[in-house]
Amino acid sequence: MLKKSLSALSLTILLALCTNNRSFASESVQLESNHFTHSFNIGKSPNHPERKWKVLETEHFLIHFYQGFEELAKTASNIGEEAYYKVTKDLKGNPSSKIPILLTQDEFLNGYAEPIKNRIVLDPILMRSSVIGARRFITHEFTHIITYEALSTGPSITKLYGLNNTPTWFLEGLAQYEAEYWYPSYDRMLRLNTLERTILSPTERDAFSILGADEGAAGYNEGYSITKYIFETYGHDKLAKVLEEIKSSNVPLAIALERVIGKSLLVLEADWRQSLEENYRKQIEGKDQTVKNYETVVDKEKNDANIRPKVSPDGKIFTYMTSQGRGGYVNIRGKLIGLMPIRARLLNQSKKSDQKVAGERVNNGVFTEKDSKSALLAGGVLDYAWSYDNSTIALTQVAGDYLGNPDTQLGFTSMKIVKNKIESKDIYNYDYQIFDINDKENKTPLKSFASPTFSPLNKKTLAFVATTNEIANIYQINLKDLDKKETKVKAMPITTTKGYLYRDLSWSPDGKYIVANMYKPGDGGNLALIDIGNGEIKLLTKDSVLYTNSDPSWTDDSKKIYFSSDKDNISNLYSFDLTNNKTEKLSNSYAGLEFPFFRDNLLYFTSYFAKGTDIKRIDINKLQKFSTKQVEPELIKDIPIVAENKSYKTSDYVPWLSPDLIIPITGVDERGDQIGLRASFDDILQKHAVNATVVYGLLSSRISYGISYVNYMLDPLLAVQFSEFPSIAATQDGKTYYYQRVRGLNFVASRPLFNELSQQISNVGTIELSFNNLDPIQESVATGTDKNLIRSGLNNFVSFNFSSQDVSGGSTADIHPTNGYRFDFKVEHANKLLQSKYEYTQVLTDIRKYVPLWYNHALALRGAFEFSTGNTTPLLLGGPPVNLSIGIQDFIPLRGFNIAQFIGNRLALVSTEYRFPIFTRINTVLNGLYIDSVYGAVFLDAGDAWFAEQRNPQLNLGGGGELRFRVAVGGRGTLGAYVGLARKLTYLSTEPVNNQFYFGFANSF
């Protein structure tokens, strides 16, 4: 994955040149070139001062890691050196210095390569997963680094110009082509999109990274396939030649391909699509879309994913994970990872569904008539399991650990049926710590919990996978012990399998065995049968590392295991009979069937489409049987590590500052245009940073500047800034405007508050101490203005800000949120104790609520309330939401009225909007802007600003409508554009009334 630079860039350079893919981490970039106040990032906090960073130095890499990832750092060093020679040879790019690789939990389920400093940032969980694994992950991101180098013509910023000519699908496809192999899940995605005619168009593919889970996964997938097709058809050596042509001639990829290969990109894409059609038509001959005689239990809505169906042991409650109505889901390399809520419904006990016709959707046959009001359980879930007494669901989900690191934690939900309705509640929080009883030296709590499964014998005993000291084991715990803050557990006594990991645990109903998927990072995995009594492990499947055998589910008699496997290059349903060691293939689907679950003679499973999945079920007596190769189980005692790690030098990390970006910028001051430079410096781990901006006014002959230092090493974040800049000011009665220069010194402390997941910065508190000198520019003050109303001199204040948000709405939530809230509160106070010439207090509260209506329609509500006391500038209300080109004190929009038409020391605003989609996928490029979607809104604004000692508030109404566009520049980085028409609804008879037309670039409230 690629990620934009964390430096402060101008809006044009940022959106046109830098790549911005989906990420679970937060980052913010200062976009406006002429505002100097708070030009530093809020940053990441808490900043984990407990982390003791080390650097492992190899011939070509600097591996940065902290305690708990020592062995992973050694693995990364060996893999990096192996990848170095292959990738640099293939792409003809050589870095001038050693490449820093950062192993950090802050990039949960994500990773990226950053071009300016050649940073590679990797999530340890993905490095240990079967889907990606360390080898593919490191080589993939390193390929990005060498691609940047191959496109560079000198200074670091020239890499960005090369990237501007290179679409993201090609960059990602190239990285996968160098680092990965064509896995069955890739083939499934591409096959279904080909057969269902949902292959991305060229413009969609150019902007795939902004289009959501399905199109995002398809963009990676198709980019890989096209790149693979071109360079396997016309020669691997053409790859470096294409990159050299982009660099030397400064031409887009399409032109470079035509010059090197002799065919246009459109022709190459057409040839590629034709080859897909021919190959996949042959591949599906004799195969079905799904099994015959099925019933659809959960139908997909739009592109929603529905996975992991399960039924309570008493057969009364059906549960499944779903993205329906709750936004997106994680799709990595065609594998649905989850991070979705669980829904629960009552099953109909009448068995009416047995009479349904094959292939017919089941309505009230499966669920009771109350199933439309299904219970929504915990969100962000990766896996879950029912207890055998039907009382509890154990789950693993994303949450912060005891130090605030993003991780996967154990959670529990109680379940019961009361008056034909499901009642559930969380019964444990994440504030307990679980230790391995044998870890007497390090005493490190377990982390990275996965794959819970309950014992059928002791119904409060849970088995799960967890990691301590970088070793994954299967542990058991009794739920009663979780009442303690610290609980010690013992790993199950099973055969040591060095280098292997476990997932998809399932405990047999007779209590004798646990079956699991045993895999090495980056490999698919085989089913392993673990004997609870003696710890022996038998491999039930012995397939290539290319294939995955997963999601086992037992029959009630503990004699047979149902599972899914893509051993024939397509995921299908299988069974393994322990009485005769016989494996049977139970489906012959070309679409892909996964997550089987057996209960009451019925097999539930997930069925794939090009976009989204549904859940079906079938009576096992109606399943067909297909021939498959017989494999005898193999007893294993120990699996040694394949290669020993080399020994490299390790040292403590020192946060030296180095240049990030130095770029020219332009701006505007009180007289006209400005020109200048912006420079940023940080260390490799971004523990602290310096940002400096200096501009010169061509007409004013004045220098404006801003210099800030931010320290992320402590908790909270600390920052200081010294600046002088121009702004527009208002007299204290709000009737006259003039220009002033503001010289300020600001101190800031900021950190998230009340957050379980500290890196998900949704609740942020900030304290600021500010010392400012106000210097009015006299020639800008209107003749006759009362000088006593003009503020000058020291204006020192202390302020507290708190912001909180929880907004959702799928991939378009950035400009069209459909659920959640945003809340902002600020209080600012100045007095003579701070040596301020002025004494005042200002308070702001801004609340925004988003209410879902029906599909992608929403009601947006906003209430803003402000008051001030003392001798300060007035509060301003009125006008459209415009972007001004020079600093001005904040004003609240009231559409239909003039900018700042209402003034006072009290302000109130209420806005109501009905928002709706017009075009959800335009897929059009207009003057370099990729237009993704168009939304409409009709609104009603009501508000007033007034001086409390002069009059009472009055009702001022404005109404109108807006068109809102979700756009991207260069296919990277979304941006909201809006066009609006508003009109006053209340006005004096002598007051002129005109339609107010406005437009701008910003995301709406």
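Which residues of strand β17 (residues 433-436) are buried on one side and which on the other? Select β17 to find out. This is a predicted model, and the tour starts at that strand.

**Stop 1: strand β17**

Show the side chains of residues 433-436. Gln-433 and Phe-435 are buried on one side, and Ile-434 and Asp-436 are buried on the other, so that both faces of the strand are covered. In a regular strand the side chains alternate between the two faces of the sheet. Now add strand β21 (residues 486-491): β17 and β21 pair in the parallel sense over four bridges. To find the register, select Phe-435 and look for Lys-488 of β21, which stands opposite.

**Stop 2: the whole chain**

Zoom out and colour by secondary structure. The protein chain has twelve helices and 55 strands. Of its 1005 residues, 60% count as buried. Among contacts between residues at least 6 apart in sequence, 60% join residues at least 24 apart.

**Stop 3: the nonpolar cores**

Select Leu-103, Met-127 and Phe-142. These residues have the most contacts inside the largest nonpolar core, a set of 118 residues. Add helix α4 (residues 133-151), which gives the most to this core, with nine residues.

Then centre on Leu-103 and display what surrounds this side chain. Leaving aside residues up to four places away in sequence, Leu-103 touches Trp-53, Ile-63, His-64, Phe-65, Tyr-66, Phe-69, Leu-72, Ala-73, Leu-122 and Met-127. A second, separate core has 18 residues, and to locate it select Ala-463, Val-465, Leu-501 and Leu-539, which are among them.

**Stop 4: the largest cavity**

Turn on a cavity display. The count comes to nine cavities of 30 Å³ or more. About 880 Å³ of space lies in the largest cavity. Of the 46 residues that line the largest cavity, Ile-125, Ser-129, Ala-450, Arg-503 and Tyr-519 are the closest to its centre, and selecting these five places the view. Next select strand β18 (residues 447-454), which gives the most to this lining, with five residues. Coloured by class, the lining of the largest cavity shows 22 nonpolar, twelve polar and twelve charged residues.

**Stop 5: the second largest cavity**

About 150 Å³ of space lies in the second largest cavity. Select Met-189, Asp-214, Asn-331, Phe-609 and Ala-610, the closest to its centre of the 17 residues that line the second largest cavity. Helices α7 (184-195) and α9 (213-233) each supply at least two residues of this lining, and the largest share, four residues, comes from α7. By class, the lining of the second largest cavity divides into nine nonpolar, five polar and three charged residues.

**Stop 6: two successive hairpins**

Select β36 (673-682) and β37 (688-697). β36 and β37 pair in the antiparallel sense over nine bridges. Leu-677 has Val-694 in β37 as its bridge partner. The two strands form a hairpin with five residues between them, and Gln-686 sits in the turn with a positive phi of about 55°. Is Gln-686 buried or exposed? Gln-686 counts as buried because its relative accessibility is 17%, against a cut-off of under 20%.

Extend the selection to β38 (703-711). Nine bridges join β37 to β38, and these strands run antiparallel. Tyr-696 has Ile-703 in β38 as its bridge partner. This hairpin has five residues between the strands, and Ser-701 takes a positive phi near 55°.

**Stop 7: backbone details in loops**

Most residues other than glycine have a negative phi, and most peptide bonds are trans. Follow the chain on from β38 into the loop before β39 (717-730), where Pro-716 lies. The peptide bond from Asp-715 to Pro-716 is cis, with omega near 20°.

Then go to Lys-92, in the loop between α2 (70-91) and β3 (99-103). Phi of Lys-92 is near 60°, a positive value in a residue other than glycine. With a relative accessibility of 59%, Lys-92 counts as exposed.

**Stop 8: Lys-735 and Pro-874**

Finish at Lys-735, in the loop between β39 and β40 (737-752). Lys-735 counts as exposed, at 66% relative accessibility. Add Pro-874 and draw a distance between the C-alpha atoms: the two residues are 139 residues apart along the chain, and these atoms are separated by 9.7 Å.

Technical notes. Residues numbered from 1 in each chain as written. Predicted model: local features only at pLDDT ≥ 70, side-chain atom pairs only at ≥ 80, totals over all residues. Heavy atoms only, no water. 1 Å grid on protein atoms, 1.4 Å probe; cavity = no way out; pocket = protein on both sides within 12 Å on 5 of 7 lines; lining within 4 Å. Points joined across faces, edges and corners; volume = space filled by probe spheres on them. Nonpolar A, V, L, I, M, F, W, Y, C, P; charged D, E, K, R; others polar. Core = buried A, V, L, I, M, F, W, Y, C linked by side-chain atoms within 4.5 Å. Buried < 20%, exposed > 50% of the residue type's maximum accessible area, 1.4 Å probe, protein only. Contact = heavy atoms within 4.5 Å. Pairing = 2+ DSSP bridges.
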